[in-house]
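Me: Hi! I'm new to this one and would like a friendly walk through it. Could we start with the aromatic rings?

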Amino acid sequence: MTQHQRLLIIDFGSQVTQLIARRLRELSVYCEIHPFNAVDDAFLKEFAPQAVILSGGPASVTEAGSPRAPQSLFDMQVPVFGICYGQQVMMEQLGGRVESGHHAEYGRAFIAPAEGHKGDGIFAGLFDTGREEVWMSHGDRVTQLAPGFEVIGTSPNAPYAMIADEARKFFAVQFHPEVHHTPNGRIMLENFIRMAGFTGDWTMASYREEAVRKIREQVGDKQVICGLSGGVDSSVAAVLIHEAIGDQLTCVFVDHGLLRLNEADEVVTMFRDTYNIPLIHADESDLFLGELEGVSDPEVKRKTIGKLFIDVFQKYAHQIEGAEFLAQGTLYPDVIESVSFSGGPSVTIKSHHNVGGLPEKMGLKLVEPLRELFKDEVRALGRELGLPTKFIGRHPFPGPGLAIRCPGEITREKLEILRKADAVFIDQIRKHGLYDDIWQAFVAILPVRTVGVMGDGRTYDFACALRAVTSVDGMTADYYPFSHEFLGETATRIINEVKGINRCTYDITSKPPGTIEWE
Ligand code: XMP
């Protein structure tokens, strides 16, 4: 258990529960999300939160068997903040009343201060303009307050949109302060945590110190293997673990021959030379490219690479004597248990793409020092550990690498061309200062040759597609709106500088309906 001050978020299944955690982490408060059906009296006692937030959720408290918080929560004398369904749960459990139907509100709404209230306590700093813009998403609403509560703000369809019991430090709102569409939501959350006595002790420096101590405790004098992909997560995990246990860590970098230009060298140099981390560079490109010969079906490509990866990793890992642990860069969003209303808590923990199934197969225990972090916190930790900024800000790169950017059959010749074209595209993006505005950018080489004319001669070379998207999480994406000038200049550079390409297109498909990668 962390030694930081901690806040518990009880999840009732809202789509935006993770955002509550994000907002709090931004305020340097350590918090954990746990599904309502995994939080009982014993859990509360052990976790000993300094404050609790009850999330929204899709159920209706008016239905029999709908989710509740443990009743003991309200006797713990800790501040509680209920959001949407969380507000209704509080009212229901504390003696108020909630009714269903007829007064649904979805989207933007405006809250007016209740008579005699300009907003204070956790609502201090609001109503500057006389009303507060918020984002609503509710079907039920509170129709009678529980004893001790008073109304602070109302909306046309939610007479008890903001309520407070100052004496017990219980607060609740009908809307969602955690989403960006509630512009002053952050103020409410900040007021709440300050009032609950949080000092903001969740910093990357303290996390680093604590993580190092925990890794030492867990691993003792045993050996750890870490699969290094060259991506940010596994790299930060490796550097952190190395700081904790030094040469007891060995990294295995499987080079499948599908990496970008100079990527293998950069990874090897950085880890072996800069950080002095023992590293096995498993150059197995012949094996991978050999097995992929003649394969053009995307799924067969992925499966072939996935299986070989596991075989190769195992082969090298077996060379490391006495290894008992496997390090993984699992992040918090992969760990959060999703709420299930049809039974017990559903423990859906996604395994990491690249090493899925390995720990069981090899009988290794896991070291996952990033399990408590969100992606941007991993980047912050990387900076704290001194990893180069350019490296930390790198765009995501898929496990199967260039194989899925080379539709059709993969040949060494095509990979060579693709690497060069991709490097020119990224260079252009960096030169124009656009790299950090883009989620991911790359070139795909198309399985088609087209006719062109260069100088006095006819050419018959490959066509390529440029892909650049903006995205928050990779789940949805929009193509990046480059200027025509940029696109023209980039196409010219690629065709002039990369032998083998004579035509350049820009992919303007969003996701959905497209995917980011071409395969
Ligand atoms: P798609 O193409 O599905 O990609 O829109 C979404 C994000 O996931 C990355 N991606 C992968 N990452 N192993 C990975 O580690 C994979 O097999 C894989 N496939 C896609 C992709 O680059 C994008 O960021």
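Me: How many aromatic pairs does the count come to?
Reply: The count comes to 16 aromatic pairs. Here rings of Phe, Tyr and Trp (its six-membered ring) pair if their centres lie within 6.5 Å; planes under 30 degrees apart are called stacked, over 60 edge-to-face, and the rest tilted.

Me: Show me one. What kind of pair do F171 and F192 form?
Reply: F171 and F192 form an edge-to-face pair, with 6.3 Å from centre to centre and 80° between the planes. F171 is in strand β11 (residues 170–173) and F192 in helix α4 (residues 185–195), so the pair links distant parts of the chain, 21 residues apart. Helices (H or I, at least four residues) and strands (E, at least two) are DSSP runs, numbered from the N terminus.

Me: Is F171 buried or exposed?
Reply: F171 counts as buried because its relative accessibility is 1%. F192 is buried too, with a relative accessible area of 0%. Buried means under 20% relative accessible area, exposed means over 50%, and partly exposed is in between (1.4 Å probe, protein chains only).

Me: Got another pair? What about F482 and Y506?
Reply: F482 and Y506 form a tilted pair, at 5.4 Å centre to centre and with 55° between the planes. This pair also links distant parts of the chain: F482 is in the loop between β19 (478–479) and α15 (484–497), while Y506 is in strand β20 (residues 501–506), 24 residues apart. F482 is buried, and so is Y506.

Me: Which residues form one aromatic cluster with those two?
Reply: F425, Y479, Y480 and F486 join F482 and Y506 in one aromatic cluster.

Me: Before I go on, where do these values come from?
Reply: This is a predicted model, where local features need pLDDT of at least 70 and side-chain atom pairs count only at pLDDT 80 or more, while totals for chains, interfaces and linings use all residues. Residues are numbered from 1 along each chain as its sequence is written, and side-chain values use heavy atoms, with hydrogens and water left out.

Me: Back to rings. Which ring does the charged end of R22 sit over?
Reply: The charged end of R22 sits over the ring of F374, 4.6 Å from its centre. R405 lies over the face of F442, at 3.8 Å from the ring centre. A charge sits over a ring if NZ of Lys or CZ of Arg is within 6 Å of the ring centre and within 35 degrees of the ring normal.

Me: Let's zoom out. How many helices and strands are there?
Reply: The protein has 15 helices and 20 strands. Its C-alpha trace spans about 85 × 60 × 40 Å along the principal axes. Of the 519 residues, 55% are buried.

Me: And what share of the contacts joins residues at least 24 apart?
Reply: Taking contacts between residues at least 6 apart in sequence, 76% join residues at least 24 apart. Contact means heavy atoms within 4.5 Å.

Me: Where is T250, and what does it touch?
Reply: T250 is in strand β13 (residues 249–255). T250 counts as buried because its relative accessibility is 11%. Leaving aside neighbours within four places in sequence, T250 is in contact with Q223, V224, I225, C226, P278, I280 and I320.

Me: Where is H117?
Reply: H117 is in the loop between β6 (105–113) and β7 (132–138). H117 is buried, with a relative accessible area of 15%. Apart from neighbours within four places in sequence, H117 is in contact with E150, V151 and I152.

Me: What about the backbone? Which form does the peptide bond from K511 to P512 take, cis or trans?
Reply: The bond from K511 to P512 is cis, with omega near -15°. The bond from P512 to P513 is cis as well, with omega near 10°. P512 lies in the segment after β20, and P513 lies there too.

Me: And what is the phi of N262?
Reply: Phi of N262 is near 65°, a positive value in a residue other than glycine. N262 is in the loop between β13 and α7 (263–274), and counts as partly exposed at 47% relative accessibility. N276 also has a positive phi, about 55°, although it is not a glycine. N276 is in the loop between α7 and β14 (279–283), and counts as exposed at 54% relative accessibility.
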